[in-house]
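Here is a brief report on the structure shown below. It begins with one cysteine and moves on to the fold, the rings and the charged pairs.

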Amino acid sequence: HRLAARHGPLLFLRLGSVPCVAACSPDAAREVLKTHEAAFLDRPKPAAVHRLTYGGQDFSFSAYGPYWRFMKRACVHELLAGRTLDRLRHVRREEVARLVGSLRASADGGERVDVDAALMGLTGDIVSRMVMGRRWTGDDNDAEEMRSVVAETAELTGTFNLQDYIGVFKYWDVQGLGKRIDAVHRKFDAMMERILTAREAKRKLRRQAAADGEDDEKDLLDMLFDMHEDEAAEMRLTRDNIKAFMLVILNLR
């Protein structure tokens, strides 16, 4: 704010070796976000994000182009469309009822409740069930591993990394973050392979029972698999696309 007051609403800065333009007024922001939108559509990919999203194979950090436009349409018209949310309304109702029941039991027993934690758990359970049909707060090993991997992912993507801002450190892992990022990526990839393999087997059984299609059991992962298997699709999703998309959705829970 002080720099803008002294030099004007459009600033050129350097964050280490990275050039940065800051729009510091409504008019300047409109020029960047609307008038010249096409020049600013790509997002910078920090080293952690690039590695964890399979080289930017997700939607949020993918380069602007055919894949980005395809996924935007898919999110608006299919994955996050109103009819999809309506079809999965029962998930939200069940989880809210489950939370209310838990709060009632705690109240009857005179127990204290961490409401923030309870609401965060509710959000996680709703998102996780809508995305891949399993609870975020489950007691099984898979749920615990998923929470651990997502927490590590959030920590690593939010940690200042010299490789992102100081050119001389680009290929020199002085903070040891690169090793941690690779380890988390391997854990996430192995976990997602188990989830995807199990879902493929479930979908095969559904088809054999002639029960596949627009049903209440179809979640976002099923929809992504439909896009992966559709040979007539404008753009078929790869397995890495699905994994990267899932990583982003879980981190937005």
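Cys24 has a relative accessibility of 39%, so it counts as partly exposed. The model is predicted. Cys24 sits in the loop between strand 2 and helix 2 (26-35). The closest cysteine sulfur belongs to Cys20, 9.1 Å from the sulfur of Cys24, which is too far for a bond. A disulfide needs the two sulfur atoms within 2.5 Å. The structure holds 0 disulfides. Cys75 counts as buried, because its relative accessibility is 9%. Cys24 also gives a sense of scale: Ala143 is 119 residues away in sequence and 43 Å away in space, C-alpha to C-alpha.

**Overall fold**

The protein has 12 helices and 2 strands. From the N terminus the order is α-β-β-α-α-α-α-α-α-α-α-α-α-α. Its C-alpha atoms fill a box of roughly 65 × 55 × 40 Å along the principal axes. Of the 253 residues, 34% count as buried.

Strand 1 (residues 10-15) pairs with strand 2 (residues 18-23). The sense is antiparallel, with 6 bridges. Leu10 stands opposite Ala23 in strand 2. The two strands form a hairpin with 2 residues between them. Gly16, in the turn, has a positive phi of about 70°.

**Rings and nonpolar surface**

A search of the whole structure finds 4 aromatic pairs. Phe160 and Tyr165 are stacked, because their ring centres are 5.3 Å apart and their planes lie at 5°. Tyr165 counts as partly exposed, at 29% relative accessibility. Elsewhere, Phe59, Tyr64 and Trp68 form one aromatic cluster.

Leu103, Val113, Val115 and Leu119 make a nonpolar surface patch of about 300 Å². Leu119 lies in helix 7 (residues 115-132). With 44% relative accessibility, Leu119 counts as partly exposed.

**Salt bridges**

Side chains of opposite charge can pair when their charged atoms come close. The structure holds 24 salt bridges. Three are listed here.

| Pair | Closest N to O distance |
|---|---|
| Arg180 and Glu155 | 3.1 Å |
| Arg203 and Glu229 | 2.9 Å |
| Asp226 and Lys218 | 2.8 Å |

Take Arg180 and Glu155, which meet in a salt bridge. This pair links distant parts of the chain, 25 residues apart: Arg180 is in helix 10 (residues 177-208) and Glu155 in helix 8 (residues 141-157). Arg180 is partly exposed, with a relative accessible area of 37%. Glu155 is partly exposed as well, at 43%.

Next come Arg203 and Glu229, whose side chains meet in a salt bridge. Arg203 lies in helix 10 and Glu229 in helix 11 (residues 220-229), so the pair ties together parts that are 26 residues apart in sequence. Is Arg203 buried or exposed? Arg203 counts as buried, because its relative accessibility is 1%. Glu229 is partly exposed, at 33%.

Asp226 forms its salt bridge with Lys218. Here Lys218 is buried, with a relative accessible area of 6%, whereas Asp226 counts as partly exposed at 27%. Salt bridges that share partners join these residues into one network: Arg199, Arg203, Arg206, Arg207, Lys218, Asp219, Asp222, Asp226 and Glu229.

Definitions and conventions. Residues are numbered from 1 along each chain as its sequence is written. This is a predicted model: local features need pLDDT of at least 70, side-chain atom pairs count only at pLDDT 80 or more; totals for chains, interfaces and linings use all residues. Side-chain values use heavy atoms; hydrogens and water are left out. Patches are made of residues with over 30% relative accessible area and no salt bridge: like charges are joined within 9 Å, nonpolar side chains (Val, Leu, Ile, Met, Phe, Trp, Tyr) within 5 Å. Accessible areas come from the Shrake-Rupley method with a 1.4 Å probe; for residues, only the protein chains shown count as cover. A salt bridge is a side-chain nitrogen of Lys or Arg within 4 Å of a carboxyl oxygen of Asp or Glu. Helices (H or I, at least four residues) and strands (E, at least two) are DSSP runs, numbered from the N terminus. Buried means under 20% relative accessible area, exposed over 50%, partly exposed in between (1.4 Å probe, protein chains only). Two strands pair if DSSP finds at least two bridges between them. Rings of Phe, Tyr and Trp (its six-membered ring) pair if their centres lie within 6.5 Å; planes under 30 degrees apart count as stacked, over 60 as edge-to-face and the rest as tilted.
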